[in-house]
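Dear colleague,

I am handing over a structure that you have not yet worked with. Please look through it first, and then read the notes underneath.

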Amino acid sequence: MKKYLVIFFVNIVLVLFQNSFLFVFLGGEANPNLILAFAFSLLLLDKSEEALFSAFVGGLLIDLLGFTMSGLSSLVFLLAIYIGLFIKKYLFKSWVLQLIVLMLSTYLGKQYLGSHPEFGTFRLLSGLLLTAGMVFAFYPLNKYLFTRLFVSRKFLEIERI
Amino acid sequence: MRYILISLFILILGFFELTNPVKSAVAWVFTPFQFGLKQIADSSIETMKFFGSLNKVRQNNLFLLEKTAELESKIVELKNTEEENRALREQLEIENTFERNLLLANIMGNAQDLTGSTFVLDRGSSHGVKAGDNVIRRNYLVGIVREVSAQRSLADYVTSPSSSIAVVDLDEPSRTEGLAEGQYGSSIVMKRVLPNENIGVGDMIVTSGKDGVYLPGLIIGKVTRIVEVPTEPLKSAYLETIIDLTKLSKVFILTSPAL
């Protein structure tokens, strides 16, 4: 339960950061999709259940704080995670393919949910690459959370309190 | 799969705008945070822009300083040329009766001479300057070259105590003669004037050429005061240079024509 709470709060921070701070700095096209990047980094750690939860919560928060129909972003993000899962399970277990799926999902997400960017612009490509890059930033964080914090005695003690 | 189903359920609720109260509540909670983050981002951008423009302003400032220095250098160059032109024009107006060549030279001062009675010229033996060459401006005597190196020469001002010039009163019909000696500054004393010879205040004193050092006809100065001591047999007269020697920057050296 605790780890889902942590994922939930991390998603709140990421949504706020993505929709406020980074949006002002980078604009709609170059803005990375931190929610999907976080979910895919969980997927790379083989935490598929947590990745689905993260994509669902993150998408829902984006919808609730924005003007898209509630549940639409969640659905799109969940589909992206399921595609990633499918590729990983039945086709190719490379993380490169996961990043490609992530970038494509981000592009489609931007195209149909938000800013309708032109294909192939430098700003859009930099935004997609930034999203892929963020996976590597989140990966060590998630690795720490799942291999150290969530399994340590200290964390369990906190849980008991 | 349950997340997909929940999402679809929320989507249906959203389609019928049933999620609006939740949306409002979430917006109410998170709007201050969003607004705060936006403000931080805005102020960060402004700060970055400020520092970005600061660098640009600095670059512009450096460029302008460089340009100013360049222009100032050009102004100095032009002033020098102007001064040179003026000196040449003045000198051309005066008929050259000295049978010597006129060599334009710049006065560079002499930092080692604290009395100010000597000056350095930027012309030397490689330009044909020799010790003893007279230094003039128009037809005023400025001094005489004492030492010569290849590129420079050291000259005594006419007001130098070491200069001794045979002079004559141009305004007296009797052509009163004497010996002019420098007294530092702009003052010169005309000594050895015979008691029976006339000399008046305001008289123009020029070189006589009898000393064989200075060319004849060069203006030394005007008489400002006459001193007659009863116990001394000879009279003296104080002279003042007409031109301010210390303010001269361009002069002409009367060099001997090449043989």
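The notes below go through confidence, chain A, the nonpolar core, a surface patch and two backbone angles.

This is a predicted model, in which local features need pLDDT of at least 70, side-chain atom pairs count only at pLDDT 80 or more, and totals for chains, interfaces and linings use all residues. Residues are numbered from 1 along each chain as its sequence is written, chains are lettered from A and ligands numbered from 1 in the order in which they are written, and side-chain values use heavy atoms, with hydrogens and water left out.

The model scores ipTM 0.76 and pTM 0.50. For chain B the mean pLDDT (the predictor's confidence in each residue, from 0 to 100) is 86, and 96% of its residues reach 70 or more. Among the elements of chain B, the lowest mean pLDDT, 85, belongs to helix α2 (residues 20-93), and the highest, 93, to strand β9 (residues 204-207).

Chain A has seven helices and zero strands, where helices (H or I, at least four residues) and strands (E, at least two) are DSSP runs, numbered from the N terminus. Of the 161 residues in chain A, 50% are buried; buried means under 20% relative accessible area, exposed over 50%, and partly exposed in between, with a 1.4 Å probe and protein chains only. Helix α3 of chain A (residues 48-65) has 18 residues and should span 26 Å at 1.5 Å a residue, which agrees with the 25 Å between its end C-alpha atoms; the expected span is 1.5 Å times one less than the number of residues. In α3(A), 16 of the 18 residues are buried.

The largest nonpolar core (buried Ala, Val, Leu, Ile, Met, Phe, Trp, Tyr and Cys residues joined through side-chain atoms within 4.5 Å) has 50 residues, and those with the most contacts inside it include A:Leu14, A:Phe56 and A:Ile81. The largest share of this core, eleven residues, comes from α3(A).

B:Ile12, which lies in helix α1 (residues 2-15) of chain B, is partly exposed, with a relative accessible area of 48%.

Finally, B:Arg138 and B:Arg175 may deserve a look. B:Arg138, in the loop between β3 (134-137) and β4 (140-148) of chain B, has a positive phi of about 55° although it is not a glycine, and is partly exposed at 28% relative accessibility. B:Arg175, in the loop between β6 (164-169) and β7 (177-182) of chain B, also has a positive phi of about 55° without being a glycine, and is partly exposed at 43%.

With best wishes
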